[in-house]
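Here are a few exercises on helix packing and backbone angles. Have a go at each one before you read its solution.

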Amino acid sequence: LERPEVSKLMRLDLSRNRIWDEGLSRLASCGNLAGLRELDVSHCEITDAGIQAFARTSRLTGLRRLRIQGWFRKHSTAVALAKSDVLSGLVELNLE
């Protein structure tokens, strides 16, 4: 994630990989991914706490599409995503 080439990524599909909360946290803090427009972390064994932290701290302010299927359990998590200033540019949020 620290390599300069990473900054050119527009879309990242990590679905069905076990990245857990720790991996999502590393993605969220990666300045090289600031230009990322689409992220799919469906079925990645991420908890509600992990996605809520992502919604608060992400540096991925350029995200337009976020897909996080397969783990969703709490209404409060959906609310945190919807109210996130960090993710205010989203035009598509897929929680199915």
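**Exercise 1.** Work out how the axes of H2 and helix H3 cross.

*Solution.* Start with the axes, lines fitted to C-alpha atoms over the stretch in contact, with angles from 0 to 180 degrees between N-to-C directions. For H2 and H3 (residues 75-83), they come within 9 Å and cross at roughly 15 degrees. Angles under 35 degrees count as roughly parallel, so H2 and H3 are roughly parallel to each other. Last step: the handedness of this crossing is left-handed, the near helix being turned anticlockwise from the far one by less than a right angle.

A word on the model: it's predicted, so local features need pLDDT of at least 70 and side-chain atom pairs pLDDT 80 or more, while totals for chains, interfaces and linings use all residues. Residues are numbered from 1 along each chain as its sequence is written, and side-chain values use heavy atoms, without hydrogens and water.

**Exercise 2.** Find which residues in H2 meet H3.

*Solution.* Take contact as heavy atoms within 4.5 Å. On the H2 side you get Asp48, Ile51, Gln52 and Ala55, and they meet Ser76, Thr77, Ala80 and Leu81 in H3.

**Exercise 3.** Where is histidine 43, and is it buried or exposed?

*Solution.* First, place histidine 43: the loop between strand E2 (38-40) and helix H2 (48-57). Next, its relative accessible area is 33%, so it's partly exposed (between buried, under 20%, and exposed, over 50%; 1.4 Å probe, protein chains only). Finally, check the backbone: histidine 43 has a positive phi of about 55 degrees, though it isn't a glycine.

Key. Helices (H or I, at least four residues) and strands (E, at least two) are DSSP runs, numbered from the N terminus. Angles under 35 degrees count as roughly parallel, over 145 as roughly antiparallel, 65 to 115 as roughly perpendicular and the rest as oblique.
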